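Here is a short briefing on one protein model. Look over the sequence and the fold, then read the points below.

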Amino acid sequence: MVVDTLDNLEKYVSLNPLFKDVVKFIKENDLNKLEDGKHYIQDKDLFVNITTAHGKTEEDATFETHKNMLDIQIPLDNNETYGYLPLADLPEAEYNAEKDVTKYPGVKSETLVNCKPGEFAIFWPQDGHKPCIGTGDIHKAIFKVRV
């Protein structure tokens, strides 16, 4: 997991060959003005989902992991808190290959990380993350990047 400011995102391009395309897309597009939905950048290998999530309590949010994609989550207009647990500490659960997600309901976070607009969080397949913790609506961008 990485948490940092968007000003520093370019420093991470060496971690995945598609990160340079994420940086380019952010420079060329105002994420706040994109319509809700999926915007494909490199077909199914790289896209951004613009959505508005309803903030949840830590207890109501659900851990998830992905096997084939990593997430770069960017809150656009409201703070968002993420629960974090390494995949190795999560219980066995059923993987949904079509959606590339495993959900872990009822698992409590050991670590909470807050991101505000202008910051991002990267979650790799080994990072269990519990998004959407917060109050009110959270307009956000979720870049899905093939690993």
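A pocket, as the word is used here, is an open set of grid points with protein on both sides within 12 Å along at least five of seven lines. This is a predicted model. Its largest pocket has a volume of about 750 Å³. A nonpolar core of 24 residues and two cysteines, Cys115 and Cys132, are also covered below.

**Largest pocket**
- The pocket is lined by 27 residues. Closest to its centre are Asn49, Glu64, His66, Lys99 and Lys144.
- What classes of residue make up the lining of the largest pocket? There are 12 charged, 9 nonpolar and 6 polar residues.
- Six strands each supply at least two lining residues: S2, S3, S5, S8 (101–104), S11 (127–133) and S12.

**Nonpolar cores**
- The largest nonpolar core holds 24 residues. Leu31, Ile72, Ile74, Phe143 and Val145 have the most contacts inside it.
- H1, S3, S5, S10 and S12 each give at least two residues to this core. The largest share, 5 residues, comes from H1.
- Ile72 has a long list of partners beyond four places in sequence. Ile72 touches Phe19 and Val22, then Phe120, Ala121 and Ile122. Ile72 also touches Ala141, Ile142, Phe143 and Val145.
- Another core, of 5 residues, lies apart from the largest one. Its members include Phe63, Leu90, Tyr104 and Val107.

**Helix H1**
- Helix H1 spans residues 19–28. Its residues Phe19, Asp21, Val22, Val23, Phe25 and Ile26 are buried.
- Which strands do the buried residues of H1 pack against? They pack against S2 (37–42), S3 (46–54), S5, S10 (119–123) and S12 (137–146).

**Cysteines**
- A disulfide is a covalent bond between the sulfur atoms of two cysteines.
- A search of the whole structure finds 0 disulfides. Cys115 is in none, and its nearest cysteine sulfur, that of Cys132, is 12 Å away. Cys132 is likewise in no disulfide, with the sulfur of Cys115 12 Å away.
- Why are the two not paired here? A disulfide needs cysteine sulfur atoms within 2.5 Å, and the sulfur of Cys132 is 12 Å from that of Cys115.
- Cys115 counts as buried because its relative accessibility is 0%, and buried means under 20%.
- Cys132 is buried too, with a relative accessible area of 14%. Cys132 sits in strand S11. Its phi is near 75 degrees, a positive value in a residue other than glycine.

**Two loop residues**
- Asp43 is in the loop between S2 and S3. Its phi is near 50 degrees, again positive in a residue other than glycine.
- Is Asp43 buried or exposed? Asp43 is exposed, because its relative accessible area is 59% and the cut-off for exposed is over 50%.
- Asn68 is in the loop between strand S4 (63–65) and strand S5 (69–75). Asn68 counts as partly exposed, at 35% relative accessibility.
- Beyond its neighbours within four places in sequence, Asn68 is in contact with Tyr95, Asp100, Val145, Arg146 and Val147.
- Asn68 and Val147 are 79 residues apart in sequence. In space, their C-alpha atoms are 5.8 Å apart.

Definitions and conventions. Residues are numbered from 1 along each chain as its sequence is written. This is a predicted model: local features need pLDDT of at least 70, side-chain atom pairs count only at pLDDT 80 or more; totals for chains, interfaces and linings use all residues. Side-chain values use heavy atoms; hydrogens and water are left out. Helices (H or I, at least four residues) and strands (E, at least two) are DSSP runs, numbered from the N terminus. Buried means under 20% relative accessible area, exposed over 50%, partly exposed in between (1.4 Å probe, protein chains only). Contact means heavy atoms within 4.5 Å. On a 1 Å grid over the protein atoms alone, a cavity is a set of points where a 1.4 Å probe fits but cannot get out, and a pocket is an open set with protein on both sides within 12 Å along at least five of seven lines; lining residues have an atom within 4 Å of a point. Grid points are joined across faces, edges and corners, and a volume is the space filled by probe spheres set on the points. Ala, Val, Leu, Ile, Met, Phe, Trp, Tyr, Cys and Pro count as nonpolar, Asp, Glu, Lys and Arg as charged, and the others, Gly among them, as polar. A nonpolar core is a set of buried Ala, Val, Leu, Ile, Met, Phe, Trp, Tyr and Cys residues joined through side-chain atoms within 4.5 Å.
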